[in-house]
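Dear colleague,

Please find below the structure I agreed to pass on to you. My notes on it follow directly after.

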Amino acid sequence: MITIGVDIGTTTISLVAYDVVKEAVETAVTIPNGCFLTGGPEWEKIQDAKAIVIKAKNALDELLNQYPNVSAIGLTGQMHGILYVDQAGGAVSPLYTWQDGRGDLPEFGGESVTEWIKKACKVSASTGYGLITHCYQRKKKLVPENAAGLCTIADYFGMALTGRRQPILHASMAASLGFYDIRKGGFQKKALEAAGIDPIILPEVTGGVALLGYYREIPVLTALGDSQASFLGAVGIEENTVLVNMGTGGQVSVLSDHTNLPGPYFETVGTGSKIKPETKLGFEARPFLSDGTYLFTGASLCGGRAYAILERFFREYVVAAGAPDKPQYKEMEELAKAALGKGGMDVVTTFNGTRADPSAKGSLNGISEENFTPGALVLGVLTGMARELYDLYDEICKSAGIRARRMVASGNGLRKNQILRQIFQDLFQMKLELSRCEEEAACGAAVSGAMWVFGRKGGQK
């Protein structure tokens with residue numbers, strides 16, 4: 001049996017054909033997304049939603065031509081971002097991505113919309129979260145007049161495939177928009193009303209993977225959040241396993257059915273939690289596949305970009321010195337390897353702030369005459385990237401009372417850099433295993449499709 005998974009990421013669109021019996025990817029396809037709309041202010045990060053759908057649909061059609069007997073199509077994609085749809089289910093706005101910065105603009109009496117929401121609604125979330133973006137658009141009177149609903153790009157792709165007019169979101173996607181109570185499994189309507197947001201624009205939410213409709217007579221299922229799909233594709237449904245991912249950003253995740261949950265999305269923790277009230281959490285408890293299972297996830301905003309920023313630094317110098325303009329990653333890895341064991345500098349890689357503190361900055365510390373070398377700097381940045389995720393993992397363990405016994409890695413940052421893998425092993429004190437497939441999120445979407453099919457057949461494989 002073959003299922004297909006589609007992952008609509010920020011920079012790429014990936015698809016896999018997954019053999020359920022072999023539990024292996026038969027074919028994987030990745031194409032550039034390339035749909036960013038430019039020319040606006042620097043803080044604006046938007047994409048052409050309709051162009052994304054065309055690209056993804058063309059790639060899906062080509063894969064379906066190779067595998068005509070597909071049992072289900074599972075979806076996933078970038079979380080947090082939103083687009084608006086009209087009553088017919090068509091996009092009436094660009095995709096406002098998770099990277100969009102309008103939520104932090106001090107345009108409301110010197111306050112940003114995230115600051116205003118925290119005071120007025122007692123809810124905390126970061127810029128780029130869908131309902132933060134919507135609140136900004138509403139206050140600035142920028143919501144399209146014919147907007148009847150909102151959803152993520154993966155959900156919109158599902159609507160486009162099936163002809164569905166109203167969005168329906170899996171809880172993992174819905175929670176990523178903010179204003180969501182994971183304990184009750186729904187949006188916080190009182191807080192939304194305090195923010196002046198009419199609940200009528202909210203999508204329907206399902207706690208489990210559900211049928212959206214059909215495309216070429218193949219069932220199409222609700223989209224999972226990309227972090228949940230990546231965990232499913234890389235680890236499965238195994239608890240007490242930590243997944244570390246280093247890509248454009250960085251993430252660390254642990255699956256649990258732990259019921260003593262921290263407050264969702266950095267909200268003040270209730271009296272029933274082990275965490276002290278007023279604690280500002282650096283991680284989130286996210287819904288997993290069904291009600292009652294959660295993915296504890298911490299995210300580093302800069303993540304693998306920290307290494308890209310350093311590569312840009314070295315490349316600018318190389319070009320200024322008259323050498324050819326070419327990537328410096330190979331040379332950087334060799335420099336880091338030579339610096340191992342010699343005592344590097346301490347680099348804090350929060351160059352883009354943190355979820356808990358968007359104003360945080362990076363820093364270089366512990367510099368001496370002996371270690372002020374290119375190799376020590378490279379090694380320090382790699383260690384800083386890993387330490388951000390380790391600190392989040394340690395916070396998860398202490399706050400939620402869980403501890404992983406196994407570590408799995410995903411993302412090109414870890415796949416392509418042996419020094420970074422060694423640093424992770426040393427910090428986490430665990431052997432690091434690379435995930436079984438490179439397109440973890442698309443693979444997880446395909447697995448979710450297989451699980452839905454088995455459920456329909458009474459669990460028969």
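For the first point, a patch is made of residues with over 30% relative accessible area and no salt bridge, nonpolar side chains being joined within 5 Å. The model is a predicted one. On its surface, L364, I367 and F372 form a nonpolar patch, and together they have about 320 Å² of accessible area. Of these residues, I367 is placed in the loop between strand 22 (363-365) and helix 10. I367 counts as partly exposed because its relative accessibility is 42%.

The second point concerns helix 12 (residues 418-428), where I419, L420, I423, F424, L427 and F428 are buried. Viewed down the axis of helix 12, these buried residues fall within an arc of 155 degrees, so they line one face of the helix. In general, an α-helix has 3.6 residues a turn, so residues three or four places apart point the same way. The cover over the buried residues of helix 12 includes strand 17 (241-246), helix 9 (329-339), helix 10 (374-400), strand 23 (406-410), helix 11 and strand 24 (432-434).

Both ends of this helix deserve a note. At the N-terminal end, N417 acts as the cap of helix 12, with a side-chain oxygen 3.1 Å from the backbone nitrogen of I419. Just after helix 12, Q429 adopts a positive phi of about 55 degrees.

Lastly, R415 lies in helix 11 (residues 412-415). R415 counts as buried because its relative accessibility is 18%, the cut-off being under 20%. Leaving aside residues up to four places away in sequence, R415 touches R421, L434, S435, C437, E438 and E440.

With kind regards

Note on methods. Residues are numbered from 1 along each chain as its sequence is written. This is a predicted model: local features need pLDDT of at least 70, side-chain atom pairs count only at pLDDT 80 or more; totals for chains, interfaces and linings use all residues. Side-chain values use heavy atoms; hydrogens and water are left out. Helices (H or I, at least four residues) and strands (E, at least two) are DSSP runs, numbered from the N terminus. Buried means under 20% relative accessible area, exposed over 50%, partly exposed in between (1.4 Å probe, protein chains only). Contact means heavy atoms within 4.5 Å. The arc is that of the directions from the helix axis to the C-beta atoms. A polar contact is a pair of N or O atoms within 3.5 Å; within protein, one must be able to donate a hydrogen and the other to accept it, and residues adjacent in sequence count only if both atoms are side-chain atoms. Patches are made of residues with over 30% relative accessible area and no salt bridge: like charges are joined within 9 Å, nonpolar side chains (Val, Leu, Ile, Met, Phe, Trp, Tyr) within 5 Å. Accessible areas come from the Shrake-Rupley method with a 1.4 Å probe; for residues, only the protein chains shown count as cover. A salt bridge is a side-chain nitrogen of Lys or Arg within 4 Å of a carboxyl oxygen of Asp or Glu.
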